[in-house]
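User: I would like to learn how to read pockets, sheets and backbone angles in a model of this kind. Could you take me through them in turn?

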Amino acid sequence: MFTLRQNGYRVDHSYSFHGLTRLKGKRAPGTYVLGLTRAESQVTIAATGRMLSDPATGYECVAPRLEVNLTYLPIIVYVGREFAPGTCAYKEILAHEMRHLNTYMDFLPRAEKVVRAALEKRFAGKPLYAPVGQARNLLQREIDTGWMNYIKNEMAKVEALQAAIDTPQEYARLGKVCAGEVQSLIRPAKRKNNT
């Protein structure tokens, strides 16, 4: 059983573009971050299943039933506080960040399909056999050491899609929109930050 939960988003104006640049971390030298979208995902897997034991052989089997939850915590969309809501620059930056938000939202169901198919291939109609008292532990170990990493890696594939949005061309476009409004707002802050 799968549960997907997207907990919406909120827009935050508490950081300056300098603060967002620091928050972003790795970036091209001399570039500034005007807006930023942050999503944190969580994965939980609960394993249940009826256990059958065969005293004659000393083995038991369990037909695993997995409950997988893929969740995004509320996504935070940051827009630098220098850009007042309603202005042309704000609208352009927010529109760019909404592309990131939509990419996260659209990705979750796609990741679920991939993970579901992989889990069904492994577990559908395939009970797990082990010596008595070990089947549940073996199942939990397989989930913890294999499947959790697999699912987290699958969820992380969204970052390549996010990077495709943040091209140098897109950054250049954002720097020139609104008849130079963005440049006029960040140029004085750049000078002040350098002194």
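Analyst: Let us begin with the term pocket: on a 1 Å grid over the protein atoms alone, a pocket is an open set of points with protein on both sides within 12 Å along at least five of seven lines. The volume quoted for a pocket is the space filled by probe spheres set on its points. Please keep in mind throughout that this is a predicted model.

User: With that in hand, how much space lies in the second largest pocket, and which residues line it?

Analyst: The second largest pocket holds about 180 Å³ of space, and its lining consists of Met1, Phe2, Pro64, Arg65, Leu66, Val68, Arg116, Leu119, Glu120, Phe123 and Ala124. Two elements, β7 (65-72) and α2, give two or more residues to this lining, and the largest share, four residues, comes from α2. Sorted by class, the lining has eight nonpolar residues, three charged ones and no polar ones.

User: How much space lies in the largest pocket, and which residues lie nearest its centre?

Analyst: About 700 Å³ of space lies in the largest pocket, which is lined by 32 residues, with Lys24, Val33, Gly35, Asp166 and Tyr171 lying nearest its centre. The elements that contribute two or more residues to this lining are β3, α2, α4 (158-165) and α5 (168-194), and α5 gives the most, with nine residues. By class, the lining of the largest pocket divides into 15 nonpolar, nine polar and eight charged residues.

User: Turning to sheets, what should I look for in the strand order, and which strands are the edge strands of the sheet that contains β7?

Analyst: The general idea is that strands of a sheet pair through backbone hydrogen bonds, either parallel or antiparallel. In this model, one open sheet of three strands runs in the order β1-β7-β4, with mixed pairing. Its edge strands are β1 (2-6) and β4 (41-48), each of which pairs on one side only, and the twist averages 10 degrees from one strand to the next. Within this sheet, β1 and β7 pair in the parallel sense over five bridges, and Phe2 stands opposite Val68 in β7. Helix α2 packs on the sheet, where it touches β1 and β7, and the direction of α2 makes about 165 degrees with that of β1.

User: Which residue of α2 would show me that packing at the level of side chains, and what does Glu112 touch?

Analyst: Glu112 is a useful case, as its place is in helix α2. Leaving aside residues up to four places away in sequence, Glu112 touches Phe2, Leu4 and Leu70. With a relative accessibility of 9%, Glu112 counts as buried.

User: What is the strand order in the other open sheet, the one that contains β8?

Analyst: That open sheet also has three strands, in the order β2-β8-β3, and again the pairing is mixed. The edge strands here are β2 (9-12) and β3 (35-38), each pairing on one side only, while the twist averages 15 degrees from one strand to the next. Strand β3 pairs with β8 (residues 75-79) in the antiparallel sense over four bridges, and the bridge partner of Gly35 in β8 is Val79. Helix α2 (residues 88-123) packs on this sheet as well, touching β2, β3 and β8, and its direction makes about 160 degrees with that of β8. Helix α1 (residues 17-24) lies across β3 and β8, running at about 40 degrees to β3. In α1, the residues Phe17, His18, Gly19, Leu20 and Thr21 are buried.

User: Finally, how should I read a positive phi, and where is Cys178 placed?

Analyst: As a general guide, most residues other than glycine have a negative phi. Just after α1, Gly25 takes a positive phi of about 80 degrees. Cys178, a residue other than glycine, has a positive phi near 60 degrees, and its place is in helix α5. Ala179 is likewise not a glycine and has a positive phi of about 55 degrees; its place, too, is in helix α5.

User: Are Cys178 and Ala179 buried or exposed?

Analyst: Cys178 is buried, with a relative accessible area of 19%, a value to be read against the cut-off of under 20% for buried. Ala179, by contrast, is exposed, with a relative accessible area of 86%.

Conventions: Residues are numbered from 1 along each chain as its sequence is written. This is a predicted model: local features need pLDDT of at least 70, side-chain atom pairs count only at pLDDT 80 or more; totals for chains, interfaces and linings use all residues. Side-chain values use heavy atoms; hydrogens and water are left out. Two strands pair if DSSP finds at least two bridges between them. Axes are lines fitted to C-alpha atoms, for helices over the stretch in contact, and angles run from 0 to 180 degrees between N-to-C directions. Contact means heavy atoms within 4.5 Å. On a 1 Å grid over the protein atoms alone, a cavity is a set of points where a 1.4 Å probe fits but cannot get out, and a pocket is an open set with protein on both sides within 12 Å along at least five of seven lines; lining residues have an atom within 4 Å of a point. Ala, Val, Leu, Ile, Met, Phe, Trp, Tyr, Cys and Pro count as nonpolar, Asp, Glu, Lys and Arg as charged, and the others, Gly among them, as polar. Buried means under 20% relative accessible area, exposed over 50%, partly exposed in between (1.4 Å probe, protein chains only).
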